[in-house]
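Subject: Structure for your files

Hello,

Here is the structure I said I would pass on. My notes on what I found in it follow below.

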Amino acid sequence: MSTTTRHMDCPPEDVFDVLADGWSYATWVVGAARIRDVDRDWPSVGARIHHSVGAWPLLLSDTTSVEAVEVPHMLQLRARAWPTGEGRIVIRCEPQDGGTLVSIEEWAVSGPAAKVPQVLLDPAIHARNVEALKRLAYLAESRARRHDDSGGHGGVPRLRRPGSAADPREES
C-alpha cells in the first residue's frame with residue numbers, strides 16, 4: 001500500500017469541502033481527464049463520480065464510489081479504471097499544527113493491477129499522489145484564504161454554514 005502525506009495550511013473542513021465537491025476531482029486527481037456526472041448525494045456511502053481517465057482520444061470511462069465517510073476526517077473510495085482494475089483509496093484529514101495533515105493510502109484491489117507486486121506499484125502511485133496532494137492543497141488553502149479575506153467560497157459548495165460553530169468567520 002502506498003501512503004503519501006502533506007501538511008495543508010487550512011482546517012480539515014476546508015480540505016473536506018473540496019473532497020465533497022465531486023465536480024472538482026478532475027482538477028486535483030492526477031489522471032482524471034473529465035467528470036461526466038456526480039451523484040446528487042456525493043459523498044455519502046454508495047454515491048458515485050462518473051469520470052474518464054487518460055488523454056484524448058484514448059479515454060476510458062468508469063466510476064469512483066464512496067465506501068465509507070467520516071466528515072471531515074476520512075473518505076474511503078473504490079476507484080474503477082478497467083481494464084487495469086480497481087483500487088481502494090483512503091483520504092484522511094487530521095488537524096495538526098494549526099492546519100491539516102492529509103494522507104492518501106492507495107492500493108490495487110482487483111483486476112490485472114492487483115496481480116502486480118505492490119513494491120512495483122507503490123513508487124508510481126506515490127509520485128501521482130504527491131502531485132494530487134499538491135493540487136488539493138492549492139484548492140483547499142485558496143478556499144481557506146477566501147473565507148478569511150472575503151467570506152467567499154471559491155466556487156466550492158460549503159459543508160460549514162455561516163453562523164455555525166465550525167465557521168471561522170464567526171469566531172471573535
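**Helix H1 and the overall fold**

Seven of the eight residues of helix H1 (residues 12-19) are buried, so the rest of the structure largely encloses this helix. The buried ones are Pro-12, Asp-14, Val-15, Phe-16, Asp-17, Val-18 and Leu-19. Please keep in mind that this is a predicted model.

The chain is built from three helices and seven strands. Starting at the N terminus, the order of elements is β-α-α-β-β-β-β-β-β-α. Of its 172 residues, 42% count as buried. If one takes the contacts between residues at least 6 apart in sequence, 43% of them join residues at least 24 apart. The exposed area of the chain is about 8,800 Å², and carbon and sulfur atoms supply 54% of that.

**The largest pocket**

The largest pocket has a volume of about 720 Å³. It is lined by 33 residues, and those closest to its centre are Ala-79, Ala-81, Ile-89, Glu-106 and Arg-128. Which element gives the largest share of the lining? That is H3, with six residues. At least two lining residues each also come from helix H2 (25-28) and from strands S2 (32-38), S3 (48-55), S4 (58-70), S5 (74-81), S6 (85-96) and S7 (99-110).

**Salt bridges**

The count of salt bridges comes to eleven. One of them joins the side chains of Asp-62 and Arg-80, at 2.9 Å from N to O. Asp-62 belongs to strand S4 and Arg-80 to strand S5, so this pair ties together parts that are 18 residues apart in sequence. The two partners differ in exposure: Asp-62 counts as buried because its relative accessibility is 10%, under the 20% cut-off, whereas Arg-80 is partly exposed, with a relative accessible area of 32%.

Arg-80 also forms a salt bridge with Glu-86, where the closest N and O atoms are 2.9 Å apart. Glu-86 has a further salt bridge, to the side chain of Arg-78, at 2.6 Å from N to O. At 13% relative accessibility, Glu-86 counts as buried. These residues belong to a network of salt bridges that links Asp-62, Glu-67, Arg-78, Arg-80, Glu-86 and Arg-88.

**Ser-2 and Val-119**

Two single residues are worth a note. Ser-2 lies in strand S1 (residues 2-8). Is Ser-2 buried or exposed? Ser-2 is buried, with a relative accessible area of 3%. Apart from neighbours within four places in sequence, the residues in contact with Ser-2 are Ile-104, Glu-105, Glu-106, Gln-118, Asp-122, Ile-125 and His-126. Among them, Glu-106 is also one of the residues closest to the centre of the largest pocket.

Val-119 is placed in helix H3 (residues 118-149). Val-119 is exposed, because its relative accessible area of 66% is over the 50% cut-off. Together with Val-116 and Leu-120, Val-119 makes a nonpolar surface patch of about 290 Å².

That is what I have on this one.

Regards

Methods: Residues numbered from 1 in each chain as written. Predicted model: local features only at pLDDT ≥ 70, side-chain atom pairs only at ≥ 80, totals over all residues. Heavy atoms only, no water. Helix = DSSP H or I, 4+ residues; strand = E, 2+ residues; numbered from the N terminus. Buried < 20%, exposed > 50% of the residue type's maximum accessible area, 1.4 Å probe, protein only. Contact = heavy atoms within 4.5 Å. Patch = residues over 30% accessible without salt bridge, like charges linked within 9 Å, V, L, I, M, F, W, Y side chains within 5 Å. Areas by Shrake-Rupley, 256 points an atom, 1.4 Å probe, with all protein chains shown as cover. Salt bridge = Lys/Arg side-chain N within 4 Å of Asp/Glu carboxyl O. 1 Å grid on protein atoms, 1.4 Å probe; cavity = no way out; pocket = protein on both sides within 12 Å on 5 of 7 lines; lining within 4 Å. Points joined across faces, edges and corners; volume = space filled by probe spheres on them.
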